Amino acid sequence: SIARPIPVKCSSCDRANPTFSNSQQLKGPWERRCRACIDAENGPQASRVTVSPVVAPAAVPEYVKVCSVCSIPLTKENCSARQMKEAVANRKCMSCIAVAVTANNSSVPLPPP
C-alpha cells in the first residue's frame, strides 16, 4: 500500500496547503503558521525581513541540525563540534558566530594603553 502524504495545515487558521516562510517550515506542525496569519498579525513587510544573505533550503528534514540564526543546515564544514552539541536555540554556524563576534568587538571600547 502507498502511504498518502500528510496534509499541511496552518496551526492558526487551519487552511490546507498554505505558503510558509522558511523559518516556519522548520517548525513542528503544531506551531507552524502561514504567511497570511503572520502578515495579518505583524503587517505585510514583517515576514519578509531577512537577517542573512544565506537562504535556507525549502524543506529540511527534522533530523538535520540547523543554525538558530540563519536556519541553514549545519555540517562539519560550517559548524564546530561544540556548536553541534549546543541546545537547538543556541546552535550557530561559523558565519553567524563571526558576525556576532564582529558586532560585539566593534561596540566594546579598547582599554587605555
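# Why the labels fit: burial, core, bridges and helices

User: Why is Q83 called buried?

Analyst: Q83 has a relative accessibility of 15%. Buried means under 20% relative accessible area, exposed means over 50%, and partly exposed is in between, with a 1.4 Å probe and protein chains only as cover. The value for Q83 is under the buried limit, so the label holds. Before we go on: this is a predicted model, in which local features need pLDDT of at least 70 and side-chain atom pairs count only at pLDDT 80 or more, while totals for chains, interfaces and linings use all residues. Residues are numbered from 1 along each chain as its sequence is written, and side-chain values use heavy atoms, with hydrogens and water left out.

User: Where is Q83 found, and which residues is it in contact with?

Analyst: Q83 is part of helix α3. Contact means heavy atoms within 4.5 Å, and beyond its neighbours within four places in sequence, Q83 meets N90, R91, K92 and I97.

User: How do you know how many helices and strands to count?

Analyst: Both are DSSP runs, numbered from the N terminus: a helix is H or I over at least four residues, a strand is E over at least two. That gives four helices and zero strands, in the order α-α-α-α along the sequence.

User: What makes C67 and its partners a nonpolar core?

Analyst: The term stands for a set of buried Ala, Val, Leu, Ile, Met, Phe, Trp, Tyr and Cys residues joined through side-chain atoms within 4.5 Å. The largest such set here has eight residues: C67, C70, I72, L74, C79, M84, C93 and C96. In soluble globular proteins, nonpolar side chains tend to be buried together. C93 shows how the set is knitted, with contacts to C67, C70, I72, L74 and N78 once neighbours within four places are set aside. Across the protein, buried residues make up 25% of the 113 residues.

User: How many disulfides are there, and why is C34 not in one?

Analyst: A disulfide is a pair of cysteine sulfur atoms within 2.5 Å, and the count comes to zero. For C34, the nearest cysteine sulfur is that of C37, 3.5 Å away. Seen from C37, the nearest is that of C34, again at 3.5 Å. That distance is beyond the cut-off, so the pair does not qualify. C34 counts as buried at 1% relative accessibility, and C37 is buried at 15%.

User: Which other residues of α2 are buried, and what covers them?

Analyst: Alongside C37, I38 and D39 are buried in α2. The cover of the buried residues of this helix includes α1.

User: What makes R33 and E41 a salt bridge?

Analyst: The rule asks for a side-chain nitrogen of Lys or Arg within 4 Å of a carboxyl oxygen of Asp or Glu. The closest N and O atoms of R33 and E41 are 2.9 Å apart, so the pair passes. R33 is partly exposed at 21%, whereas E41 is exposed at 54%. The count comes to two salt bridges; E86 and R82 form one of them, at 3.5 Å. R82 is exposed, with a relative accessible area of 61%.

User: Why is M94 called partly exposed?

Analyst: Its relative accessible area is 43%, which lies between the buried and exposed limits, so M94 takes the middle label. M94 belongs to helix α4, residues 94-107. Not counting residues up to four places away, M94 touches E77, N78, C79 and S80. The C-alpha atoms of M94 and C67 are 9.3 Å apart, with their positions 27 residues apart along the chain.

User: What is the phi of D14 and of S71, and is each buried or exposed?

Analyst: D14 has a positive phi of about 60° although it is not a glycine, and S71, also a residue other than glycine, has a phi near 65°. D14 lies in the segment before α1 (22-25) and, with 53% relative accessible area, passes the exposed limit. S71 sits in the loop between α2 (35-42) and α3 (81-85); at 14%, S71 is buried.
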